[in-house]
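Q: Please take a close look at the helix packing in this model and at the salt bridges that go with it. A connected account would be preferred to a list.

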Amino acid sequence: MDQQPGKGEPRKFDPKFRGPIHNRHCTDVLCCVIFIVVILGYIALGILAWVHGDPRKVVYPTDSYGQFCGQKDTINENKTSLFYFNILKCASPIVLINLQCPTTQLCVSKCPDRFATYIDMQGSYRHNKSYWEYYRQFCKPGFNKPWKSVAQVIRDEDCPSMIIPSRPFLKRCFPDFSTKNGILTVANQTTFKDGRGKTRNVTDLREAANGINNVLDARSVGMKIFEDYASSWHWILIGLFIAMVVSLLFLVLLRFTAGVLFWIFILGVIGIIGYGVWHCYWEYDHLQGTPGSDLTIYDIGFQTDFRVYLQLRQTWLAFMIILCIVEVFIILMLIFLRNRIRIAIALLQEGSRAIGYIMSTLFYPIITFVLIAICISYWAVTAVFLSTSGEPVYKVMANQTLCKYANLTCDPETFNTTNVTKLCVSAQCTFAFYGGEGFYHKYIFIFQLSNAFVFLWLVNFAIALGQCTLAGAFASYYWAFRKPADIPTCPLFSSFGRAIRYHTGSLAFGSLILAIVQLIRIMLEYLDHKLKGTQNSFTRFLLCCLKCCFWCLEKFIKFINRNAYIMIAIYGKNFCTSAKEAFFLLMRNVVRVAVLDKVTDFLLFLGKLLVAGGVGVLAFFFFTHRIPVFTQETPTLNYYWVPLLTVIIGSYLIAHGFFSVYAMCVDTLFLCFLEDLERHDGSAERPYYMSKSLLKILNKQNVEIKRH
């Protein structure tokens with residue numbers, strides 16, 4: 001056996017190498033064991049959250065007694081909405097939704113539909129008791145003393161001092177705002193009585209329910225969108241199927257059109273820049289003799305109107321020089337890199353041919369999608385159960401300036417027997433939020449952080465498994481000397497089995513590194529969000545630098561991981577060795593890497609644009625009744641852009657799924673190509689495995705031999 005090459009040295013010939021190694025051993029076993037233990041711990045965390053959590057706390061609002069509104073088989077089964085005694089105490093809708101508004105909250109069967117005050121109710125009660133029957137449904141259960149003084153009722157919070165016309169939103173009663181002639185109103189009124197002897201403007205309610213009206217109006221839009229989906233879903237599926245067929249055809253035809261598309265684009269760019277040079281010269285010559293055109297940019301200084309600069313000959317001269325430099329640069333790049341561009345195009349065509357022989361690879365992204373969907377679902381469910389794991393926490397609600405016990409925790413069952421009610425006459429023990437002081441509740445944040453971290457790890461592992469599986473399948477194609485005769489049976493399935501059986505630890509190792517960086521980025525984004533209001537410029541600058549650095553680090557790690565997984569699929573070595581060998585192999589061919597990367601990115605971007613744009617244009621003409629043949633079949637829609645955007649976005653995602661397989665194919669073939677060049681010389685003992693087109697471009701050939 002030859003010795004291993006140095007870091008920068010080409011790899012030496014291995015006579016035993018014949019493509020992806022089949023006699024493998026397990027790699028990164030320790031990381032594999034840790035990964036399995038973490039998964040088992042993640043399952044245990046999910047079970048623990050399921051035991052302690054209660055999603056009803058999210059689904060149902062909770063009143064001041066810790067009871068759910070609208071829950072079946074309870075006293076509040078028919079009381080589905082939460083009513084706030086004094087909504088003016090609530091700062092914003094977010095405070096209301098989080099159930100931390102410092103006022104009594106009560107479950108009611110329906111929200112108030114009129115303005116009324118407790119004082120007016122008492123005045124009307126003497127003549128008509130029906131006023132009390134309506135008003136009492138917004139009072140505490142069991143309270144039936146309409147003659148009780150207003151001061152005592154407000155002090156004990158037996159009833160609200162006022163009720164306001166409201167409508168339910170997120171099962172909570174919010175003022176029924178509307179705009180009339182540009183003026184904010186509630187039930188067509190601009191003022192209301194607050195029940196304490198004052199007349200107030202409805203704008204006082206704006207802060208307590210800011211933005212709710214817009215969201216409520218959006219509900220009607222949401223219903224119309226749902227109707228559009230219900231009437232056009234089958235046509236959307238047809239559009240997505242067309243996108244899938246077009247994507248497949250584009251990949252198959254790339255073996256014939258890759259070079260043509262690229263050179264047409266390059267010639268087009270050269271032509272456009274050439275026209276730009278001519279136009280700049282024409283403007284420069286046309287302005288000769290025009291008064292003021294010979295002034296310099298420095299003479300006129302900074303101007304907000306850009307058209308001023310277009311009246312200067314110096315501006316057009318600068319544009320012409322810049323475009324000439326760009327034109328010359330592109331032409332020189334094409335001259336010096338022409339062979340590398342031809343190699344890149346040949347590899348793209350070879351990738352199309354490889355996919356044609358292993359068509360099953362096009363549908364592997366479905367497996368990755370299912371795995372990621374499972375991870376997302378498990379993470380979301382676990383997060384919901386963790387966030388609802390707390391026990392009801394009750395706090396003393398009283399005036400903070402007059403009562404030292406205000407906002408302290410309390411027990412509603414024993415509250416009336418304590419000294420708090422004597423020292424603070426109007427104090428009440430009401431539900432505040434869900435929490436707890438136990439060991440489990442103290443570490444809820446740690447559990448949520450762990451949930452997020454393992455989720456990132458699992459998602460990255462699913463992506464890594466897909467990349468390694470596809471790389472193994474396409475490497476089997478490249479290292480088949482006679483294509484397609486020597487391609488092994490079921491290469492995709494065999495590659496998947498090898499990745500799971502032998503390289504779970506290596507894939508988990510690479511995924512772990514990436515997950516750590518992503519978690520740090522999430523934490524930095526969280527800190528940035530929290531510190532947005534700070535005036536410390538140094539802190540903002542430091543955070544910005546850290547975010548930028550970790551963004552670059554994440555991109556670099558993704559690049560290293562992707563190529564490391566390809567080397568793992570070929571040689572079956574551990575992650576660190578594979579990453580090192582892939583990195584130095586690419587560094588020895590850095591120009592080829594850059595050219596292939598840009599050519600591939602351009603053609604795949606062109607393909608995505610073609611698929612999404614073409615299918616989108618077709619959908620636009622269809623849903624706007626502009627195709628006479630299908631006029632009768634076209635559904636009537638509230639918003640034609642709903643199915644149109646769905647088709648465009650769905651088509652782009654479908655094209656991205658297909659083209660991600662193609663990109664992985666090209667990257668794998670490229671690494672195999674570089675390995676082929678370093679290992680072999682075209683002799684009978686060391687023949688090249690690359691295609692004849694690549695051999696022709698490189699002016700190389702294999703010695704004619706007979707293989708049995």
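A: In this predicted model, the axes of H18 and H19 come within 9 Å and cross at roughly 160°. An angle over 145 degrees counts as roughly antiparallel, so H18 is roughly antiparallel to H19. The crossing of the two helices is right-handed. Sorted by class, the contact of H18 with H19 has 23 nonpolar residues, along with five polar and two charged ones.

H19 also takes part in salt bridges. One of them joins Glu678 to Arg588, with 2.9 Å between the closest N and O atoms. This pair links distant parts of the chain, as its members are 90 residues apart. Glu678 is in helix H19 (residues 641-679), while Arg588 is in the loop between helix H17 (575-587) and helix H18 (590-623). Their accessibilities fall in separate classes. Glu678 has a relative accessibility of 17% and counts as buried, because the limit for that class is under 20%. Arg588, with a relative accessible area of 26%, is partly exposed.

A second salt bridge involving H19 is formed by the side chains of Glu675 and Arg679, at 3.4 Å from N to O. Here both partners lie in helix H19, four residues apart, which is about one turn of the helix. Glu675 and Arg679 are both buried.

The other helix pair to consider is H14 and H16. Helix H14 (residues 444-478) packs against H16 at an angle of about 50°, and the axes are 8 Å apart. H14 and H16 are therefore oblique to each other. H14 passes H16 in a right-handed crossing. On the H14 side, the contact is made by Ala464, Gln467, Cys468, Ala471, Gly472 and Ala475. On the H16 side, the residues are Arg562, Tyr565, Ile566, Ile568, Ala569 and Ile570. By class, this contact of H14 with H16 has nine nonpolar residues, two polar and one charged.

H16 has a salt bridge within it as well. The side chains of Lys558 and Glu554 meet at 3.4 Å, N to O. Both residues belong to helix H16 (residues 537-571) and are four residues apart, about one turn of the helix. Glu554 is buried, with a relative accessible area of 7%, whereas Lys558 is partly exposed at 36%. The pair does not stand alone: Arg521, Glu554 and Lys558 are linked in a network of salt bridges. Over the whole structure, the search finds 14 salt bridges.

One further arginine can be described outside these helix pairs. Arg136 lies in the loop between helix H5 (130-135) and helix H6 (150-156). With 30% relative accessibility, Arg136 counts as partly exposed. Leaving aside neighbours within four places in sequence, Arg136 is in contact with Phe143 and Asn144. Arg136 and Pro160 are 24 residues apart in sequence, and their C-alpha atoms are 9.5 Å apart in space.

To return to the two helix pairs: H18 and H19 are roughly antiparallel, and H14 and H16 are oblique. Right-handed crossings are found for H18 with H19 and for H14 with H16.

Definitions and conventions. Residues numbered from 1 in each chain as written. Predicted model: local features only at pLDDT ≥ 70, side-chain atom pairs only at ≥ 80, totals over all residues. Heavy atoms only, no water. Salt bridge = Lys/Arg side-chain N within 4 Å of Asp/Glu carboxyl O. Buried < 20%, exposed > 50% of the residue type's maximum accessible area, 1.4 Å probe, protein only. Axes fitted to C-alpha atoms, helices over the stretch in contact; angles between N-to-C directions. Parallel < 35°, antiparallel > 145°, perpendicular 65-115°, else oblique. Left-handed = near helix turned anticlockwise from the far one by under 90°. Contact = heavy atoms within 4.5 Å. Nonpolar A, V, L, I, M, F, W, Y, C, P; charged D, E, K, R; others polar.
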